[in-house]
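Trainee: Could we go through this one together before I get back to the bench?
Mentor: Gladly, have a look at it first and then ask away.

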Amino acid sequence: MIKLDTRRRCGNRWRHPLVPNAFRYIQDVRKMTNEFIIRRSDDYRAEVISPTHRTVVDLEAMTCSCNRWQLTGLPCSHATALIQEIRGIDIMQFIDPYYLTETYRATYEMRLNPLVDRELWERVDLPYIVLPPLSRRPRGRPKKKRIRDPNELKKNKKMHKCGRCGNWGHHRSSCKESLSTINIQGVQPRPPRKQVPRRREPFKISDLPFHRTKGRHIQGNFEVHGVNIQGAHAVAANTQPPVQTSSQVSANISESASMLFGLNSGSQ
């Protein structure tokens, strides 16, 4: 009911004699007729030559040898080219009435009566039980590719140029042309990249990045977790004891021994 009302209101807003899909199709087909060659035998029959094949169009019978006009009801590109060639003929008279806006409005002009609540329905006792239909899962893998509309035009794929041989339709990685053929044609292959050796420099604490050491530079020094590395080394270097001679060492030993024995004698 809602769908009928929605489509009925959409049909009332359309002002063109054709439905939007058919109108866009005719506009796209007219752009494809510039490269066609038409050889007319009479006013309504001709031979249309396209870049790929040759077809025969009969406007009186509304047929084309490509069978697209007979299947869809819309003139194909070959028939459209012939219609545009003849003056004083409107393309609307060669379109099936199924695609007219008037037909669309007549299809959805019917009304559906709204229903009351289920509790107010009249109860009927049937002598049989209605069961759901028997269903069976189809064989094979489910299809995921979209089924295209017969009126849908195929989009032109972008062509790629090979950087190795200079031809169109493939990439450099998938090129199968031999180097001898490329040199004969005059296309020089791309030279290989030069690999520059890396030089290793001596390691410095100041060269460490921030995210590895989690530290920071302060006035030429480097801190890690609040400890100044260079400052700590400097303090340790200043606080090291000086080198002592043998006489100084013996004097220190005797002094420590006298203090030890003196304490022991005092305690006794």
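**Aromatic pairs and helix 1**

Mentor: Bear in mind that this is a predicted model. To begin with one residue, Trp14 has a relative accessibility of 22%, and because buried requires under 20%, Trp14 counts as partly exposed.

Trainee: And how many aromatic pairs does the structure hold?

Mentor: There are four aromatic pairs. In one of them, the ring centres of Trp14 and Tyr104 lie 4.8 Å apart with the planes at 45 degrees, so this pair is described as tilted. The pair links distant parts of the chain, since Trp14 sits in the loop between helix 1 (2-13) and helix 2 (20-31), while Tyr104 belongs to helix 5 (residues 101-107), 90 residues apart.

Trainee: Which residues do ring pairs link into a cluster?

Mentor: The cluster consists of Trp14, Tyr104 and Tyr108.

Trainee: What about Tyr98 and Tyr99, how is that pair arranged?

Mentor: Tyr98 and Tyr99 pair edge-to-face, with 5.1 Å from centre to centre and 85 degrees between the planes. Tyr98 is exposed, at a relative accessible area of 61%, whereas Tyr99 is buried at 12% relative accessibility.

Trainee: Switching to helix 1, which of its residues are buried?

Mentor: Those are Leu4, Arg8 and Gly11. Viewed down the helix axis, the buried residues of helix 1 fall within an arc of 65 degrees, so they line one face of the helix.

Trainee: What does that buried side pack against, and which exposed residues are on the face turned away from it?

Mentor: The buried residues of helix 1 pack against helix 5, and the face turned away carries the exposed residues Ile2, Lys3 and Arg13.

Key. Residues numbered from 1 in each chain as written. Predicted model: local features only at pLDDT ≥ 70, side-chain atom pairs only at ≥ 80, totals over all residues. Heavy atoms only, no water. Phe/Tyr/Trp six-rings, centres within 6.5 Å; stacked < 30°, edge-to-face > 60°. Helix = DSSP H or I, 4+ residues; strand = E, 2+ residues; numbered from the N terminus. Buried < 20%, exposed > 50% of the residue type's maximum accessible area, 1.4 Å probe, protein only. Arc of directions from axis to C-beta. Contact = heavy atoms within 4.5 Å.
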